[in-house]
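Thank you all for coming; I would like to spend a few minutes walking through one model with you. Please have a look at it first, and then I will take its parts in turn.

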Amino acid sequence: MSAKDIKSLCFLGYDETETKLIGFLRNLGHEVHVHTKTVTDLSKYDLSISFGYRHILSRDTIANAPRPVINLHISFLPFNRGAHPNFWSWIEGTPAGVTIHEINEGIDTGSILFQERLQQQPAGMTFRQTYGLLFQAIEDLFITNSDDILSGEYVASVQAAVGTSHRASDLPLWVNWDDQIEDAIQRYRQETDK
């Protein structure tokens, strides 16, 4: 299958005002259907892509997709699966980066297609600023590899079982995305050393 054979795409998560990827895909000639709410049937789409989707796809929904559902995750998997990966990479000192992977029944545990590690250090930066860097990096990684992703001409690598994961409820209540990362690291260490 070539990228041109993809006619109907399901885009789960962000809308046109939040990511340039929808416009990019439409400019390639694809019909893109954007869904922000829960979706239970992916069978009518040639390919489904998840980016910023706030819902977990059921086993049946994953199974009825004609191809593996692709997810764009702002972490360097297998580190920081789940919620708020940008926060946890800096707080726990795990690699920061972005990953495009297939969705399976786990949370961010599917096989990896493409990933890139963020080389920039957070000195003097806020969580909002590093999130912006990661957001740009994941969009660029997708665009660079879009032909392979759309055509299915990629080699997926099984993730290492060892990694880290977090739930939304793990995030400390005091977090402000405009906090300097160094200050937040220090506060977190002080609170967890008690």
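How many bridges join E6 to E7, and in which sense do the two strands run? There are five bridges between E6 and E7, and the two strands run antiparallel. Before I go further, I should say that this is a predicted model, so please hear everything that follows with that in mind.

One of the residue pairs in this part of the sheet is formed by Gly 97, whose bridge partner in E7 is Arg 117. Turning to the other neighbour, strand E4, residues 70-73, and strand E6, residues 97-102, also pair in the antiparallel sense, here over four bridges, and in that pairing Ile 70 has Glu 102 of E6 as its bridge partner.

Stepping back to the whole sheet, six strands make up an open sheet whose order is E2-E1-E3-E4-E6-E7, and the pairing across the sheet is mixed. At its edges are strand E2, residues 31-35, and strand E7, residues 112-117, each of which pairs on one side only. From one strand to the next, the twist averages 15°.

Let me return to E6 and ask why this strand can be called largely enclosed by the rest of the structure. The reason is that six of the six residues of E6 are buried. Looking at the two faces separately, we find Gly 97, Thr 99 and His 101 buried on one side, while Val 98, Ile 100 and Glu 102 are buried on the other, and both faces are therefore described as covered. Among the elements around this region is helix H4, residues 127-144, which lies across strand E3, residues 47-51, and also across E4, E6 and E7, running at about 45° to E6.

My last topic is a pair of helices. Helix H3, residues 85-92, packs with helix H6, residues 181-192, at an angle of about 70°, and their axes are 9 Å apart; that angle makes H3 roughly perpendicular to H6. The crossing in which H3 passes H6 is right-handed. On the H3 side the contact is made by Trp 88, Trp 90 and Ile 91, and on the H6 side by Ile 181, Ala 184, Ile 185 and Tyr 188. Sorted by class, this contact of H3 with H6 has seven nonpolar residues, with no polar and no charged ones.

Key
Residues are numbered from 1 along each chain as its sequence is written. This is a predicted model: local features need pLDDT of at least 70, side-chain atom pairs count only at pLDDT 80 or more; totals for chains, interfaces and linings use all residues. Side-chain values use heavy atoms; hydrogens and water are left out. Two strands pair if DSSP finds at least two bridges between them. Axes are lines fitted to C-alpha atoms, for helices over the stretch in contact, and angles run from 0 to 180 degrees between N-to-C directions. Contact means heavy atoms within 4.5 Å. Buried means under 20% relative accessible area, exposed over 50%, partly exposed in between (1.4 Å probe, protein chains only). Angles under 35 degrees count as roughly parallel, over 145 as roughly antiparallel, 65 to 115 as roughly perpendicular and the rest as oblique. A crossing is left-handed if the near helix is turned anticlockwise from the far one by less than a right angle, and right-handed if clockwise. Ala, Val, Leu, Ile, Met, Phe, Trp, Tyr, Cys and Pro count as nonpolar, Asp, Glu, Lys and Arg as charged, and the others, Gly among them, as polar.
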